[in-house]
Structures are given as C-alpha cells and as structure tokens.
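Trainee: I have this model open on my screen and would love a close look at one part of it. Could you walk me through the nonpolar core and the places around it?

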Amino acid sequence: MGLPFPDDLRGVEVYDQPVAYLDFCMAGPLTSYVGSQRGVLKANQFRIVRESARDLRALLPRLRRREGRTYVARLVRIADLILSDAPQMTSHAE
C-alpha cells in the first residue's frame, strides 16, 4: 500500500484506461478488504477488482521495465487472492 506509483507506468494505458486509474479503482476495494476483520467486500467491489485485474493482466506482456512490471504483477496477485476468497456470484447478482 505504501509503494509509490512507478514512473514508468505514468501515461501507460490499457483498453483506453490509464494504469494509474486502474490502480486507483482497485485501491478502495483492496483497502476495504484488508481493513475488514472478515475480508468482506460488496459485489460491486469484487467486480471492480475482477475487471481491473483482468485489464492489468492483459497489460503485463507489454511491460518491459522491471519496476512497472513488478508493480502491476503484484496488483494482479493481490486481486487474485481476494477474488479466490469471493463468494460464488451469479451474473445477475452483480
């Protein structure tokens, strides 16, 4: 949480979304999850984490500089861990 946003990711986009924006979108749900005594998120928060992680995962092969690649890979890993803890949701529940 305390890591600075890598300079080599500034201005980088995936699917017309700045990586900094995806990082920002994930910060709220991740903070809520970690701060929750039971690791609880609402369905829309799980959706944000899932969609942001999907987009960041698609970006990984394009990243060449270690700092940015490591940062994005860490975000994706954290998202995957949280999503593996998500209750099974049907498509209409989201």
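**A close look at the core and its surroundings**

Mentor: Happy to. Read from the start of the sequence, the chain runs β-β-α-α-α, which gives three helices and two strands. Please keep in mind that this is a predicted model.

Let me set the scene before we go inside. The chain has 94 residues and a radius of gyration of 13 Å, which agrees with the value near 12 Å for a compact globule. Along the principal axes, the C-alpha atoms fill a box of roughly 35 × 30 × 20 Å. Of the 94 residues, 35% are buried. If you take the contacts between residues at least 6 apart in sequence, 64% of them join residues at least 24 apart.

Now to the core itself. The largest nonpolar core holds 24 residues, and the members that touch the most others are Leu 9, Val 19, Leu 56 and Val 72. Helices α1 (19-35), α2 (43-59) and α3 (66-84) each supply at least two residues of this core. The biggest contribution is from α3, which gives six residues.

A good place to start is Leu 9. Setting aside neighbours within four places in sequence, Leu 9 is in contact with Val 19, Leu 63, Gly 68, Tyr 71 and Val 72. Two of the names in that list, Val 19 and Val 72, you have already met among the residues that touch the most other core members.

From Leu 9, step across to Tyr 71, which is found in helix α3. Is Tyr 71 buried or exposed? Tyr 71 is buried, because its relative accessible area is 12% and the cut-off for buried is under 20%. Beyond its neighbours within four places, Tyr 71 is in contact with Leu 3, Pro 4, Phe 5, Pro 6, Leu 9 and Asp 23. Do have a look at that group on your screen.

For a view from helix α2, try Ser 52, which has its place there. With a relative accessibility of 4%, Ser 52 counts as buried. Leaving out neighbours within four places in sequence, the contacts of Ser 52 are Leu 22, Cys 25 and Met 26.

Helix α2 also offers a contrast in Arg 54. At 48% relative accessibility, Arg 54 counts as partly exposed, whereas Ser 52 is buried. Arg 54 and Arg 65 are 11 residues apart along the chain, and their C-alpha atoms are separated by 20 Å.

Helix α1 has an aromatic side chain worth a glance, since Phe 24 has its place there and counts as exposed, with a relative accessible area of 62%. Compare that with Tyr 71 in α3, which is buried at 12%. From Phe 24 to Thr 70, 46 residues further along in sequence, the C-alpha to C-alpha distance is 17 Å.

Next, move to the segment before β1, where you will find Gly 11. Gly 11 counts as exposed at 77% relative accessibility. Two distances help you place Gly 11. The C-alpha atoms of Gly 11 and Tyr 71, 60 residues apart along the chain, are separated by 15 Å. Those of Gly 11 and Arg 77, 66 residues apart along the chain, are separated by 22 Å.

The loop that follows β1 deserves a stop for its backbone. Most residues other than glycine have a negative phi. Tyr 15, which lies in the loop between β1 (13-14) and β2 (17-18), has a positive phi near 50°. Asp 16 lies in the loop between β1 and β2 too, and its phi is also positive, at about 65°. Both side chains belong to exposed residues: Tyr 15 has a relative accessible area of 55%, and Asp 16 has a relative accessibility of 67%.

Finally, a look at the outside. The accessible surface of the chain comes to about 6300 Å², and 52% of this belongs to carbon and sulfur atoms. Among the side chains, 14 are positive and 11 are negative, with the centres of the two sets 4 Å apart.

If you want one route to trace again, begin at Leu 9, pass to its contact Tyr 71, and go on from Tyr 71 to its contact Asp 23. Then turn to Ser 52 in α2 and pick out its contacts Leu 22, Cys 25 and Met 26.

Definitions and conventions
Residues numbered from 1 in each chain as written. Predicted model: local features only at pLDDT ≥ 70, side-chain atom pairs only at ≥ 80, totals over all residues. Heavy atoms only, no water. Helix = DSSP H or I, 4+ residues; strand = E, 2+ residues; numbered from the N terminus. Rg over C-alpha atoms; globule rule 2.2 N^0.38 Å. Buried < 20%, exposed > 50% of the residue type's maximum accessible area, 1.4 Å probe, protein only. Contact = heavy atoms within 4.5 Å. Areas by Shrake-Rupley, 256 points an atom, 1.4 Å probe, with all protein chains shown as cover. Lys, Arg positive; Asp, Glu negative; His and termini not counted. Charge placed at Lys NZ, Arg CZ, Asp CG, Glu CD. Core = buried A, V, L, I, M, F, W, Y, C linked by side-chain atoms within 4.5 Å.
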